[in-house]
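This briefing concerns a protein–DNA assembly and treats two topics: the surface that faces one DNA strand, and the relation between the protein chains.

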There are 2 protein chains.
Amino acid sequence: MPRRTKAEAEATREALLDAAEDVFLEKGVSRTSLEHIARHAGMTRGAVYWHFKNKADLFHAMLDRVKMPLQQIIDDITAERQATGPLDTLRLATLHAFEMLERPRSCRVHTILMHRCEFISDINPVELQNRLASDCREVVRRCFQQAHDEGLLIDEIAPDVATLMLHSMIGGLVHDWLRAPDSFSLRESGGEAIDSLFHLITRRA
Amino acid sequence: MPRRTKAEAEATREALLDAAEDVFLEKGVSRTSLEHIARHAGMTRGAVYWHFKNKADLFHAMLDRVKMPLQQIIDDITAERQATGPLDTLRLATLHAFEMLERPRSCRVHTILMHRCEFISDINPVELQNRLASDCREVVRRCFQQAHDEGLLIDEIAPDVATLMLHSMIGGLVHDWLRAPDSFSLRESGGEAIDSLFHLITRRA
DNA sequence: TGGCATTTACATTCATGTATGTATGCGTGT
DNA sequence: ACACGCATACATACATGAATGTAAATGCCA
């Protein structure tokens with residue numbers, strides 16, 4: 001039965017994207033057909049092709065519904081919300097990104113991005129991911145540089161090294177957690193690890 | 001011209017696996033057909049089906065030619081080669097794993113594993129990877145526990161937290177480096193970050 | 001009633017697996 | 001030493017199924 005109201009059409013679009021999340025997560029992107037997605041949403045392939053140009057288009061629409069953790073971190077750092085200094089800015093931004101990641105949709109989509117699709121072909125924004133990683137590293141580096149200039153960092157750690165340590169720890173924690181979300185709490189255990197890192201590199205009074 | 005000597009047959013097998021590495025790396029696993037691999041090796045699909053049962057079998061044979069970094073770390077830790085203590089054991093094992101990863105074949109295969117295939121379906125040992133990660137974490141934890149008991153760790157860091165920090169840093173460094181091997185040197189910059197971590201958590205005399 | 005949302009039907013492409021063909025190396029008997 | 005036979009190491013051909021994209025059909029809301 002075709003042509004509901006405009007609002008209903010928008011609802012089926014969302015339903016298709018929800019279904020895509022579910023099926024991609026379960027079977028991986030390349031092994032799911034548009035037929036699978038449509039059936040899981042209670043529709044046929046025709047609905048998919050009405051709302052989206054093809055699989056890649058649908059995939060990107062799914063991505064557009066969430067924010068990249070590294071983008072979140074960049075935005076938080078540049079916003080500098082209620083932090084007491086550059087190091088605190090970095091710490092809070094990281095913990096905030098962890099919080100965002102634990103939301104169900106974020107978790108699903110980023111699990112798909114990390115563990116359910118191949119980072120090559122027209123479908124995947126590896127370029128975007130690389131640029132994001134590069135941009136984020138630069139913003140973090142500037143923050144650590146500022147902390148260094150203000151004498152907040154201990155002498156043993158250069159800003160560049162601190163940047164790599166933080167960046168890799170974030171990436172590793174997210175990667176491991178998305179692979180097995182039940183093995184530990186990102187906010188609690190992950191936050192504890194991040195807190196410890198900042199504790200270690202902060203110059204004591 | 002069929003039926004070469006036994007040695008030549010083994011050579012074509014290796015050539016097929018080499019070709020698989022190349023094509024998987026270039027196009028991603030799911031988008032490469034056995035035809036692609038065979039042609040890239042200068043053969044036809046018949047050769048592939050003679051040496052391997054199917055794509056999954058070929059994929060696993062490709063994996064069998066390299067050692068998993070986490071397995072390398074586990075082995076190094078249990079071997080305890082010329083280290084001066086548990087912390088040094090961990091540090092050297094990590095750096096050794098980095099060295100191994102920089103070998104061309106290792107680099108290619110693990111890039112495929114991390115960024116060119118989907119961790120779902122019959123083809124991929126996500127089970128094995130999870131078990132490896134879990135085992136490695138346990139071995140590392142025991143090592144940190146021993147360091148703690150011997151008074152080598154600073155008081156602020158519990159063995160569990162140190163374990164998560166090291167494990168996530170390794171994972172993050174490897175992940176980032178495999179995505180863009182030219183952006184930094186795993187041995188140099190990565191090693192520096194690891195060294196710094198151990199410097200920070202080691203109790204000073 | 002006309003355009004919008006969706007289904008149905010169809011043509012095409014492509015990868016897979018298997019079955020068959022085929023020439024050669026290799027052991028065997030004499 | 002030499003022919004014979006068979007298993008080996010591939011290439012070729014074919015049948016199948018699955019996914020894609022598109023065109024036509026259909027019903028509903030405004």
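For the class counts below, Ala, Val, Leu, Ile, Met, Phe, Trp, Tyr, Cys and Pro are taken as nonpolar, Asp, Glu, Lys and Arg as charged, and the others, Gly among them, as polar. On that basis, the surface near DNA strand C comprises eight nonpolar, eight polar and five charged residues. The model is predicted. Chain A and chain B bury about 3,600 Å² between them, and 21 residues surround DNA strand C.

**Surroundings of DNA strand C**

- The closest residues to DNA strand C are Thr44(A), Gly46(A) and His51(A), together with Arg45(B) and Tyr49(B). Of the atoms of DNA strand C that come within 4 Å of the protein, 64% belong to sugar and phosphate.
- In chain A, a polar side-chain atom of Thr44(A) is 2.7 Å from a phosphate oxygen of DNA strand C. The side chain of Trp50(A) places an N or O atom 3.4 Å from a phosphate oxygen of the strand.
- In chain B, a polar backbone atom of Leu34(B) lies 3.1 Å from a phosphate oxygen of DNA strand C.
- Two or more residues each are given to this surface by helix 1 (6–27) and helix 3 (45–51) of chain A, and by helix 2 (34–40) and helix 3 (45–51) of chain B. Helix 3 of chain A supplies the largest share, five residues.

**Symmetry of the two chains**

- A turn of 180° with a shift of 0.0 Å along the axis lays chain A on chain B with an RMSD of 0.1 Å. The two copies are therefore related as by a two-fold rotation axis.
- Gly172(A) has the C-alpha nearest the axis in chain A, at 1.9 Å from it.
- Both copies use the same surface, as 100% of the contact residues of chain A recur in chain B.

**Interface between chain A and chain B**

- Contact involves 47 residues of chain A and 47 residues of chain B. Of the buried area, 63% is on carbon and sulfur atoms.
- Four salt bridges are counted between the chains. One of them joins Arg137(A) to Asp176(B), with the closest N and O atoms 4.0 Å apart.
- Twelve residue pairs are in polar contact across the interface, both residues being at pLDDT 80 or more.
- On the side of chain A that touches chain B, two or more residues each come from helix 1, helix 7 (104–115), helix 8 (126–149), helix 9 (159–179) and helix 10 (186–201) of chain A. Helix 9 of chain A gives the most, with twelve residues.
- By class, that side of chain A has 19 nonpolar, 16 polar and twelve charged residues.

Notes
Residues are numbered from 1 along each chain as its sequence is written. Chains are lettered from A and ligands numbered from 1 in the order in which they are written. This is a predicted model: local features need pLDDT of at least 70, side-chain atom pairs count only at pLDDT 80 or more; totals for chains, interfaces and linings use all residues. Side-chain values use heavy atoms; hydrogens and water are left out. A residue is near a molecule or strand if one of its heavy atoms lies within 4 Å of it. A polar contact is a pair of N or O atoms within 3.5 Å; within protein, one must be able to donate a hydrogen and the other to accept it, and residues adjacent in sequence count only if both atoms are side-chain atoms. Helices (H or I, at least four residues) and strands (E, at least two) are DSSP runs, numbered from the N terminus. Copies are superposed by least squares on the C-alpha atoms of residues with pLDDT of at least 70 in both. Contact means heavy atoms within 4.5 Å. Buried area is the accessible area (1.4 Å probe) that two parts lose on being put together, summed over both. A salt bridge is a side-chain nitrogen of Lys or Arg within 4 Å of a carboxyl oxygen of Asp or Glu.
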